[in-house]
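Hi there,

Here is the structure I promised to pass on. Have a look at it first, and then read on for what turned up in it.

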Amino acid sequence: MNLVSKPIGLHVCQLMTAAIWIVIALALSHNFLALATKTEADALRHSGWWPSYITSNTSVSHCMWCGISCDDSGSVVEISASRQDYNNYCYYYDYWSSLNLSSMNYSMLPNLTSLTLSGYYLTDIIPLQICALQKLRYLNLSTNELTGELPLCLQNITMLEVIDIHDNQIDSLIPHELGNLKRLISLDLSFNLLNGMIPMTLAKLKNLAQLSLQYNYFNGSIPSEIGNLTNLAYLSMAGNSFSGSIPLEIGNLTNLAYLSVARNSFSGSIPLEIGNLTNLAYLSVARNSFSGSIPLEIGNLTNLAYLSVARNSFSGSIPSKIGNLTNLAYLSMVGNSFSGSIPLEIGNLTNLAYLSMVGNSCSGSIPSEIGKLKSLIMLVLSLNSFTGPIPLEIGDLKNLTYLDLSFNNFSGNIPHELESLVMLSRLNLANNSLHGSIPKFQKLFNLESIDLSCNHLTGKIPPNLFNVSYACFEGNKGLEYTAMWALVTAFRYSGWWPNLLTSNISLAYCMWPSISCDDSGNIVKINAISNHEGTFDCSHIDFSLLSNLTLFSNLTFLGLHDCNFSNFFPLEICALPKLKHLNLSRTWLIGELPLCLQNLTTLEVIDIHGNRIGGPIPPELGNLKSLIYLDLSNNALGGTIPTTLGHIDNINLSYNYLAGKIPYNLAHVPYGAFIGNEGLEKTYGPRRMTGVVLMTILTPPMAISFIFYLVLRHLIVFQRRMKSTQSEITEKNGDFLSIWNYDGRIAYEDIINATEDFNIKYCIGTGGYSSVYRAELPNGKIVALKKLHHHEANDPSFDKSFRNEVKHLTEVRHRSIIKLHGFCLHKQCMFLVYEYMERGSLFCALREDVEAVELDWSKRLVIVWDMAHALSYLHHDCAQPIVHRDISSNNILLDNNMQAFLSDFGTARLLEPNFSSNLTANIAGTRGYIAPELAYTLVINEKCDVYSFGVVAMEIIMGEHPGEIILMLSTLFKEDIMLHQILDPRLPIPRENSITRNIILVVSLALACLNSNPKLRPTMKQVSEAFLAPKLALAKSFNSISLAQLQGNNRGLWWEGGSTENSSSPQEE
């Protein structure tokens, strides 16, 4: 053998051996990975975290399961089960609401780096086994109902970068050992039951950027070592019981953008070192016991957008350096002891939207520079000692909605420049030393409250201000409001309306039942009918009020019918210069018609039928050239009919004691208008003689035809007798389910019998144009009758409204829209026949404590849903979309099971294809529910209904009209109102998760519907679909959610999920 070949052969053998071992190693490695992967899959399958139909399908890798992510080798690196994560949404996420944290074998997941189980309200403890996840970097167990303690073993997961356990019920101290997690970037323990002091070991977390400890039960002082956390960008300690002073070392946290220590018991002064935090955008020290002055160094914080020092004991002057904060949008200095004047530099804050200095000792005049704050929405300077005139420059603040300068020492006139604040809804200048006259404020269409009380104002009150929901002018001795107010007071206590209504001084008389006012607050219509429910009682009416033109100079319509005056015709009516329509029918008037009626030259309608008026008909009524309708029937009038009445188109003089001949110039009037006057003679003038001649010519052929008809009828009547018997029985029973087959006669007679000719005792409500009666038909069925008032039945415009409602109700078919059984068009009246709703309106139910309690949360939520679906149907599912235009709690009726039905389509309007441009000359709807844009655009579209729905939805949740809440939410920054604080206090706080989630959903959508910009409101179809969508968990506990958060996130961040960083803290005042 060759000596050379031997070593070569040996080398080849060694190489082959090595190759074999490599192959074996690779095979073993592959088998090991497969074994490891199989072990992970088994751990996941046996955890019970996924449904069995998922885990039993072995053909699908566990890496494909929803919520799981694996690395390239097939090892699990992430489990993410969060209701807030819509990028990884799983349709079976609801299954995780019942999972058990302890059922997972965490030790079999050695490569897991991220674990998220958020938003499932899990009732469990944090299991110790979780500490076996040695590679875990991200741990999120937020928004559950976890109890127990924070495990000490968390210190062993040294790779942790994020711990988020906010919104649970963890009740323990913060373990000192958490200070060993050197990699920690974010620690969120907010909204728990944690207590004790902050461990100094947290100062070792040099990489920490976010520390959220708000709303727990921590106490003690802030350790000075906190200054070591130089990477902190977010620090919130609000809502605890911390005390002592703020450590000077806080100035080391130069990366801080958010700092809140609000709602604690801190004392002492604000350290000068606060000026080092030049990156701060949010700073709140509100609701503590801080004292001293505001450090000048505050002027260094030029990035601040939010600053609140409210409700402390700060003193001294407001530093001029505050003018450096040009990015500031919110500034609250409420409830301190600041003195001196407002610095001129305030004018530099051109981004400021909210400025409140309530309850301080500031003095001097308001600088004119205030007019530079063009972004200002709320300006509140009440309860100070300001002097001088109100600066004219406030009139430049066109976005202002809330202005309160009350309880100061302002002098001079009320600037007329305030009339340009067209967005203003609240104006309070009470308790000052203002003098002069009151501006007319005619452009302030959004004004809901005005208080000018306790000043030295003089002159007259503009009439339009009496139409504001709340108006107060008391305490102005020189103001001529005393005469006006005396009239209004007399009007309130005239006995026409009940004390329960009139004693509410915050309710303007223009909002009382049966009253209509024009845009200036002048009463233009009184249309009242006495009824047993007490909304109007004219039995002791005082007509002397009508003689004062201050209140009634613009009255065009006076309807006081079905009353029991038992008195002479009120002469005060003759003093109403613009009266067009007068209805005093069925009021038991006696005496004679006064001659002074001839002075009412604008009169078009006189209806005085059904009284006991005697004497002759005054010929002077012929002087009323505008008169087109005169009904004097069913009285005791005598004498002859004046020839001066010939120009009147519609006249009824029947059933009196008239005598003589009917004037020739009334030959055009049907003879039925004169029947019931035994001494009256028929007159055949030229026109009537023509009729006689015609009858002479036509009578012979008509008689022959009639005889022929009788013969034919005799032949067939017997054959149809049996068939007609059943029909006659149906008609006599008055089955209104078949009313569409009637000619009106039988239906009308049944109604007359059932209501005793619409006797007042059957009346259950009245409105501006109709009254509602309860009627029990012969077959035992109970129906509701909406009867048009008599004069409206003869008015073409109201006839159109009546037919409009019939038209819509016959076309709509929805289970939550009131069912129309039929209608009657009769010469004496018109009425609709509805399904009877035993429980009346939602408005009344919410204001009656017993019924309000019966309307529990489940019933109320169903009502909101039903109304949303009904409106969606009207807007989107009808052949031609319908806008209701008068959505209110008064127009939602309840049956005996508290099921809700939408009613009152009298103002409904069909939408044309270009519905966004529909216009109307009149604002239809109920005050307090009307969309704000209607006040100045008069544009009618479906978004008006959306706004009204939002008001009703909030009213259902709150148990009262949400006017105050709507006002406060209209501002960019607002006081933090917690959701649970606005719930109807008559009901218990909801505990079931399904109820709380749905309340959040309702309020979130309601706030979206109340958006002042119609284009940003959802459609009712979107609202309806949101109610039908799967109900998702909240990103915060119910008691920690504020309206500001819901409004700011009304697209769903609080009921569909959102950023925990943005949601971890409510705004502090």
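Arg847 is partly exposed, with a relative accessible area of 35%. Its side chain meets that of Glu955 in a salt bridge, at 2.9 Å from N to O. Glu955 belongs to helix 14 (residues 942–958) and Arg847 to helix 10 (residues 842–847), so this pair ties together parts that are 108 residues apart in sequence. Unlike its partly exposed partner, Glu955 is buried, at 0% relative accessible area. Please keep in mind that this is a predicted model.

A search of the whole structure gives 8 salt bridges. Another one joins the side chains of Arg815 and Asp866, at 3.0 Å from N to O. Arg815 sits in the loop between helix 9 (796–811) and strand 45 (820–825), while Asp866 is in helix 12 (residues 857–877), so the two link parts that are 51 residues apart in sequence. Here Arg815 is exposed, with a relative accessible area of 52%, and Asp866 is buried, with 4%.

A salt bridge also connects the side chains of Asp984 and Arg860, at 2.9 Å from N to O. Asp984 is found in the loop between helix 16 (979–982) and helix 17 (993–1009), and Arg860 in helix 12, so the pair ties together parts 124 residues apart in sequence. Both Asp984 and Arg860 are buried. Through shared partners, salt bridges join Asp849, Arg860, Asp984 and Arg986 into one network.

Now for the sheet. Its 12 strands form an open sheet with parallel pairing, in the order 7-9-11-13-15-17-19-21-23-25-27-29. Strand 7 and strand 29 (456–457) are at the edges with a single partner strand each, so one side of each has no neighbour in the sheet. Within the sheet, strand 11 (residues 241–244) and strand 13 (residues 265–268) pair in the parallel sense over 2 bridges, and Gly244 has Phe266 of strand 13 as its bridge partner.

Just ahead of strand 7 there is a residue to look at: Asn192 lies in the loop between strand 6 (186–188) and strand 7 (195–196). Asn192 is buried, with a relative accessible area of 5%. Its side chain reaches the backbone oxygen of Leu189 at 3.2 Å and that of Ser190 at 3.1 Å.

Finally, the largest nonpolar core has 126 residues, of which Leu115 and Ile394 touch the most other members. A second, separate core of 63 residues includes Leu871, Tyr947, Ile982 and Ile1041.

Happy exploring, and best wishes!

Key:
Residues numbered from 1 in each chain as written. Predicted model: local features only at pLDDT ≥ 70, side-chain atom pairs only at ≥ 80, totals over all residues. Heavy atoms only, no water. Helix = DSSP H or I, 4+ residues; strand = E, 2+ residues; numbered from the N terminus. Buried < 20%, exposed > 50% of the residue type's maximum accessible area, 1.4 Å probe, protein only. Polar contact = N/O pair within 3.5 Å; in protein donor to acceptor, adjacent residues only side chain to side chain. Pairing = 2+ DSSP bridges. Core = buried A, V, L, I, M, F, W, Y, C linked by side-chain atoms within 4.5 Å. Salt bridge = Lys/Arg side-chain N within 4 Å of Asp/Glu carboxyl O.
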